[in-house]
Amino acid sequence: MANEIELKLAIPPGALAKLRRHPLITACAPQGRAVTLDNVYFDTPELDLKRQRIAVRTRKAGRRWLQTVKAAAVSTGGLSSRPEWEQPYDGSFDFSAIDHPHIRKQLARHADRLQAVFNTHFRRETRVWAPDAETRILLMIDSGQVTTGEHSLPICELELELAQGKPRDLLQFARRLTQEMPLLPDDVSKAERGFRLHLGQSVQASRAQASDITADMTPLEAFRALAFACVRQWQHNASGAAQQGGAEFLHQLRVSQRRLRSLLGLFEPALPGDFVARWSRIVKDNAARFGETRDLDVLADELLPAVRGSNAAERTMLDGLRQRLDAEYATASAHAQAALDPAEQGRLLIELMCELYDLPSNDLIGAVDLRTFAALQLERLRKRAARRLASARDLAPPHLHALRIAFKQLRYGVEFFAPLLPKKRSASYLTALIRTQDALGFIHDVDVARACLAAWSADDPALREAAAFVCGWHGPRHARLSRRSVREAKPLLQRGTVPWADAVPQRQRA
């Protein structure tokens, strides 16, 4: 069994010629001639192997046929790693060499029912980067298509595979390329694309992954694991937004940036100050590129549809507002899509992955107990939220907004450190925290919509009347939730009610 460690980089088809001419590519020794690879992927009619995350394919390269079995890829540190078994193929499957008991059992169980599901046909150019005796990286430029029936999708990617060396070597090589080439990390395999095409499925936006840190990690190790989870969410949604477009990809991309920024603040005591300051600024600016679209998305999909006209005049008035909103949304969406430069996103992603690997540690940081560190940082967020709550008792929009941000940061902190907290207490606490944050989110959405509608209708009496109608419709709920949020926030921020209270050192309790 081999274990691949690889990094896939999507390439715009128009940039292939430029990539081939890049000095870093031309400095890599060609490994034989370019070859055309024909692959057939097999599964049962019910796709049983896919559900087990097992892929079986045959490949024709020249006159040779190979049989390959791959298991699910694990993404670690921005790189994909997967077990793979490859052997000659003589026209019938032979799974006797699979040394993983579960995988071999599943293959034997379904061997008689395997049938072709989709094909990939692409041209592969292979080069080798071997700057020293300890490093060897295979570069494979693949261009072609995946097909099933009458449907097809293009393949255009650079795959970097670590043959010898450290994962950091792979990222450093990619870092040099992305300084000048429009490359975007994309860990969706050809097999995944083929199955989606076969099933008629589109790529969906990626939400945040649950934390899987453990108590035996150092703060730096925990930060790195959580940061790479943010990177995966960022990478997937940047790729989806670039290939398909859509508000949800951009929204989840912004979520990844907010979570990453909160994570930087949460682990700041264990990180270099310049690293925290620089990347906090970068991700904040990156998220801001897509903010207007999200505000209009909420107005279009949630606030305006909830309003009902009781007569023809009111419905006509609301229709006029909807037309204006549709026009503004189309403009904002076009701006957001234009702001999504895949090359820039790729450069930032690779840059961050490299720096995450290079983060320094020391004996002092390594000796810190992660549970104690988590409790102290969550306590800091609790105290900040309590200060915001004291100011928000006047129900002023800026103070409620500040309270919302504090609750969001506290929520992210609890989610990040959840594996270290009492399970039942943290789950119920998080549910209550999210409920209050959602209420504060609705309040903020109405305040943003009110300002937006006021700007649109400044010189239009008909729109001004419609805006007043919409804001008036949501006014009672806005006022009710403002009062309720402040009331329900208080017990959530009392020190004795939080699930980390027992882990806070005595001297830090107040």
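Here is a student–tutor chat about salt bridges, cores and cavities in this predicted model.

Tutor: Ground rules: this is a predicted model, where local features need pLDDT of at least 70, side-chain atom pairs count only at pLDDT 80 or more, and totals for chains, interfaces and linings use all residues. Residues are numbered from 1 along each chain as its sequence is written, and side-chain values use heavy atoms, with hydrogens and water left out.

Student: Why is the Glu46 and Arg113 pair called a salt bridge?

Tutor: The term needs a side-chain nitrogen of Lys or Arg within 4 Å of a carboxyl oxygen of Asp or Glu. The closest N and O atoms of Glu46 and Arg113 are 2.5 Å apart, so the pair passes that cut-off. By this rule the count comes to 29 salt bridges.

Student: What makes Glu46 and Arg113 a tie between separate parts?

Tutor: Glu46 sits in the loop between β3 (35-43) and α3 (48-51), while Arg113 is in the loop between α4 (101-110) and β8 (115-132), so the pair ties together parts 67 residues apart in sequence. Helices (H or I, at least four residues) and strands (E, at least two) are DSSP runs, numbered from the N terminus.

Student: Why are Glu46 and Arg113 called partly exposed?

Tutor: Buried means under 20% relative accessible area, exposed means over 50%, and partly exposed is in between (1.4 Å probe, protein chains only). Glu46 has 40% and Arg113 has 36%, so both fall in between.

Student: How do you know that Arg278 and Glu355 form a salt bridge, and which of the two is buried?

Tutor: Their closest N and O atoms are 2.3 Å apart, so the distance rule is met. Arg278 is in helix α9 (residues 273-288) and Glu355 in helix α12 (residues 342-358), 77 residues apart. Arg278 has 26% relative accessibility, so partly exposed is the right label; Glu355 has 13%, so Glu355 counts as buried.

Student: What makes Lys190 and Asp142 a salt bridge?

Tutor: Their N to O distance is 3.0 Å, so the pair qualifies. Lys190 belongs to helix α6 (residues 190-199) and Asp142 to strand β9 (residues 135-148), 48 residues apart. Both Lys190 and Asp142 are buried. They also belong to a network of salt bridges with Glu6, Lys8, Arg124, Glu157, Glu159 and Arg193.

Student: What makes a set of residues a nonpolar core?

Tutor: The members are buried Ala, Val, Leu, Ile, Met, Phe, Trp, Tyr and Cys residues joined through side-chain atoms within 4.5 Å. The largest one here has 125 residues, and Leu160 and Trp500 are among those with the most contacts inside it. Helix α16 (residues 423-456) gives the largest share, 12 residues. A second, separate core of 13 residues includes Phe42 and Trp85.

Student: Why is the space lined by Asp295 and His444, among others, called a cavity?

Tutor: On a 1 Å grid over the protein atoms alone, a cavity is a set of points where a 1.4 Å probe fits but cannot get out, and lining residues have an atom within 4 Å of a point. The search finds four cavities of 30 Å³ or more, and about 80 Å³ of space lies in the largest. Volume is the space filled by probe spheres set on the points, which are joined across faces, edges and corners. For the largest cavity, α10 (291-303) and α16 each supply at least two lining residues.

How values were computed. On a 1 Å grid over the protein atoms alone, a cavity is a set of points where a 1.4 Å probe fits but cannot get out, and a pocket is an open set with protein on both sides within 12 Å along at least five of seven lines; lining residues have an atom within 4 Å of a point.
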